Amino acid sequence: MATKRLSILIVLLIAGLALAPTATAQPPVVFPQEQAMPRVLTGEAGRTLSGPGDRILAHGLAGRRAQRYYLLRPGPSLETRPIHRLQQRLSILVGTARVLRSGEPALLRVESAQRAVRPGDALLAIVEDRPTPHGSR
């Protein structure tokens, strides 16, 4: 049982390490350790909890080109044994949001949410997988 759990954690760790700071079609398993990640400031009218259809303000998006973002929250830390603590945490996917107005602060609309969006949640650019025509690169 413990060996199986350890194997699962190692696979999750390796999968997360392979992801760059900008995610592709799926959100990262391991929470990115980028210190300068954009963050949710507040919801519309100062609300602290937001959901699908709500507008939110975010800090740190100025100069970024992405139009859609994952909303992430750090989850439980990954550890193999109590004496070997890893500095990484699992990602909790909160939802997705689309930029309505760039700038500082940026205005976004929450497109989907599995959990309530809260101030401090991180934003990670979604890079859409675009198929290329046959034979071209």
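What does the secondary structure of the protein come to? In this predicted model, the count is one helix and six strands. The helix comes at the N-terminal end of the order, which runs α-β-β-β-β-β-β. The protein has 137 residues, and 34% of them are buried. Its exposed surface is about 8700 Å². Carbon and sulfur atoms supply 56% of that area. Contacts across the chain were also counted. Of those between residues at least 6 apart in sequence, 65% join residues at least 24 apart.

The nonpolar interior was examined next. In soluble globular proteins, nonpolar side chains tend to be buried together. Here the largest nonpolar core has 16 residues. Those with the most contacts inside this core are Ile56, Leu61, Tyr69, Leu71, Leu108, Val117 and Leu123. Five strands each give two or more residues to the core: strand 2 (55-59), strand 3 (68-81), strand 4 (84-101), strand 5 (106-113) and strand 6 (122-125). A second core of seven residues is separate from this one. Phe31, Leu72, Ala122 and Ile126 are among its members.

Tyr69 illustrates the surroundings of a residue in the largest core. Beyond its neighbours within four places in sequence, Tyr69 is in contact with Leu61 and Arg64, among others. Its partners also include Gly95, Thr96, Ala97 and Val99. Leu108 is another contact of Tyr69. The run Leu123, Leu124, Ala125 and Ile126 completes the list. Of these partners, Leu61, Leu108 and Leu123 are named with Tyr69 among the core residues with the most contacts.

Ser91 lies in strand 4. Is this residue buried or exposed? Ser91 counts as buried, because its relative accessibility is 17% and the cut-off for burial is under 20%. Leaving aside neighbours within four places in sequence, Ser91 is in contact with Pro28, Val29, Val30, Phe31 and Pro32. Leu72 and Arg73 are also contacts of Ser91. Two of these partners, Phe31 and Leu72, belong to the second core.

Charged pairs were then considered. How many salt bridges does a search of the whole structure find? The search finds five. One of them joins the side chains of Glu44 and Arg55, at 2.9 Å from N to O. Glu44 sits in the loop between strand 1 and strand 2, and Arg55 in strand 2. The two are 11 residues apart, and the pair links distant parts of the chain. Glu44 is partly exposed at 33% relative accessibility. Arg55 is also partly exposed, at 31%. Strand 1 itself spans residues 39-43. The C-alpha atom of Glu44 is 6.9 Å from that of Asp54, a residue 10 places away along the chain.

A second salt bridge joins Glu111 and Arg68, with the closest N and O atoms 3.0 Å apart. This pair also links distant parts of the chain. Glu111 belongs to strand 5 and Arg68 to strand 3, and 43 residues separate them. Glu111 is partly exposed, with a relative accessible area of 32%.

Which residue forms a salt bridge with Arg73? The partner is Asp121, and the closest N and O atoms are 2.8 Å apart. Arg73 lies in strand 3 and Asp121 in the loop between strand 5 and strand 6, so the pair ties together parts that are 48 residues apart in sequence. Arg73 counts as buried at 12% relative accessibility. Asp121 counts as buried at 2%. Separately, salt bridges that share partners join Arg68, Arg98 and Glu111 into one network.

Asp121 has further partners. The side chains of Asp121 and Arg73 also qualify as a polar contact, at 2.8 Å. A polar atom of the Asp121 side chain lies 2.9 Å from the backbone nitrogen of Arg118. Not counting residues up to four places away in sequence, Asp121 touches Pro38, Arg39 and Val40, among others. Leu72, Arg73, Val94 and Ala116 are also touched by Asp121. Leu72 and Arg73 recur in the contacts of Ser91.

Key. Residues numbered from 1 in each chain as written. Predicted model: local features only at pLDDT ≥ 70, side-chain atom pairs only at ≥ 80, totals over all residues. Heavy atoms only, no water. Helix = DSSP H or I, 4+ residues; strand = E, 2+ residues; numbered from the N terminus. Buried < 20%, exposed > 50% of the residue type's maximum accessible area, 1.4 Å probe, protein only. Contact = heavy atoms within 4.5 Å. Areas by Shrake-Rupley, 256 points an atom, 1.4 Å probe, with all protein chains shown as cover. Core = buried A, V, L, I, M, F, W, Y, C linked by side-chain atoms within 4.5 Å. Polar contact = N/O pair within 3.5 Å; in protein donor to acceptor, adjacent residues only side chain to side chain. Salt bridge = Lys/Arg side-chain N within 4 Å of Asp/Glu carboxyl O.
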